[in-house]
Every structure is written in structure tokens, then in C-alpha cells.
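Q: Please guide me through this structure, one feature after another. I should like to learn how each feature is read before turning to the next.

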Amino acid sequence: MCIATWLYTKLSGKVVGKDEFGNTYYESRFASRNFARKNRWVYYKGIAEASKVPSRWFSWLHYQTDDVPTYGTDFKKYNRWEAQHLPNLTGTDIAYYPAGHVLAQN
């Protein structure tokens, strides 16, 4: 995180929650002038990669819901039809290659 982002986070941000990957989610303490709503952002653990954000937190970050995802005893972690989140694996050793691809392993 650059010094400007760190300073902005310390001065005007409050921690809302963390996900299972260690990413920390923030919301500004005051409503901004744009649409009279609070800014939301994420501080990634490790390399900043947008595909590391789970779908529930993605919905919260993009103002699709105001409910903050929580992981407690009353929270069902995943629905039956919901696959567990994986970040983008392109370029890694475990990337998906269809059958017949030059790089596919048998």
C-alpha cells in the first residue's frame, strides 16, 4: 500500500470486516459528496489482485447490498449451489487447460 492510501485509510477509514483470505475491508467514516454514500475499499493481503475478492464481499464493495458479510455461527458460509471462491489461477502451475491443449498435463 502506498503512503497516500495508508494515510487516507488511517484518517478516514474504519474496518468493516475481513474475509477468509485475510483481505481487510474498509468504509469511510463520512459520506462523500458523490451520491451521498460512504466510500468502500479493500486492502489485499499479499499481491493486490481483484479476483481475490469473494462474491459476497464484491457485492458489498459495489453497493449491491448494504449487509456486511459476517462469518459466525448463524451465517451459512456457502449455499449448496455455490462453489468455493478461487482467485484467478492463470499463469500458475494449477491453471485449467482443456483437454488437447498444448500445456495440458495428462
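**Burial, rings and charges**

Q: Does W41 count as buried or exposed?

A: W41 counts as buried, because its relative accessibility is 15% and the limit for that class is under 20%. Please keep in mind throughout that this is a predicted model.

Q: In which class does Y8 fall?

A: Y8 has a relative accessibility of 37%, so this residue counts as partly exposed. For the chain as a whole, 25% of the 106 residues count as buried.

Q: How many helices and strands does the chain have, and in what pattern do they follow one another?

A: The chain has two helices and three strands. Read along the sequence, they give the pattern α-β-β-β-α.

Q: What do the overall dimensions show about the chain?

A: One compares the radius of gyration with the value for a compact globule of 106 residues. That reference is near 13 Å, whereas the chain has 17 Å. Along the principal axes, the C-alpha atoms fill a box of roughly 55 × 35 × 25 Å.

Q: How many aromatic pairs does the structure hold, and how is the geometry of Y8 and W41 read?

A: There are four aromatic pairs in the structure. In the pair of Y8 and W41, the ring centres lie 5.1 Å apart and the planes meet at 45°, so the pair is tilted. The two residues link distant parts of the chain: Y8 belongs to helix α1 (residues 3–12) and W41 to strand β3 (residues 38–43), 33 residues apart.

Q: Which geometry do W57 and W60 show?

A: Here the planes stand at 85° with ring centres 5.6 Å apart, so W57 and W60 form an edge-to-face pair. Both belong to helix α2 (residues 55–61), where they are three residues apart, about one turn of the helix. W57 and W60 are both buried.

Q: Which residues form one aromatic cluster?

A: One aromatic cluster is formed by Y8, Y26 and W41.

Q: Which residues make up the largest nonpolar core?

A: The largest nonpolar core has seven residues in all: Y25, V42, Y44, V53, W57, W60 and L61. Helix α2 supplies the largest share of this core, three residues. To read the surroundings of one member, take V53: leaving out residues up to four places away in sequence, V53 touches Y25, V42, Y44, F58, L61 and H85.

Q: Why can side chains of opposite charge pair?

A: Side chains of opposite charge can pair when their charged atoms come close. A search of the whole structure finds two salt bridges. One of them joins the side chains of E27 and R40, at 3.3 Å from N to O. Since E27 lies in strand β2 (residues 24–31) and R40 in strand β3, the pair ties together parts that are 13 residues apart in sequence.

Q: What is the partner of D66 in a salt bridge?

A: D66 forms a salt bridge with R40, the closest N and O atoms being 2.9 Å apart. D66 lies in the segment after α2 and R40 in strand β3, so this pair ties together parts that are 26 residues apart in sequence. Salt bridges that share partners join E27, R40 and D66 into one network.

Q: Which members of that network are buried or exposed?

A: E27 is buried, with a relative accessible area of 14%. R40 is also buried, with a relative accessible area of 14%. D66, by contrast, is exposed, at 59%.

Q: Where does R37 lie with respect to Y63?

A: R37 lies over the face of Y63, at 3.8 Å from the ring centre. Y63 is found in the segment after α2 and is partly exposed, with a relative accessible area of 27%.

Q: What is the phi of Y63?

A: The general idea is that most residues other than glycine have a negative phi. The phi of Y63 is near 60°, a positive value in a residue other than glycine.

Terms used. Residues are numbered from 1 along each chain as its sequence is written. This is a predicted model: local features need pLDDT of at least 70, side-chain atom pairs count only at pLDDT 80 or more; totals for chains, interfaces and linings use all residues. Side-chain values use heavy atoms; hydrogens and water are left out. Rings of Phe, Tyr and Trp (its six-membered ring) pair if their centres lie within 6.5 Å; planes under 30 degrees apart count as stacked, over 60 as edge-to-face and the rest as tilted. Helices (H or I, at least four residues) and strands (E, at least two) are DSSP runs, numbered from the N terminus. Buried means under 20% relative accessible area, exposed over 50%, partly exposed in between (1.4 Å probe, protein chains only). A charge sits over a ring if NZ of Lys or CZ of Arg is within 6 Å of the ring centre and within 35 degrees of the ring normal. A nonpolar core is a set of buried Ala, Val, Leu, Ile, Met, Phe, Trp, Tyr and Cys residues joined through side-chain atoms within 4.5 Å. Contact means heavy atoms within 4.5 Å. A salt bridge is a side-chain nitrogen of Lys or Arg within 4 Å of a carboxyl oxygen of Asp or Glu. The radius of gyration is taken over C-alpha atoms; the globule rule is 2.2 Å times the number of residues to the power 0.38.
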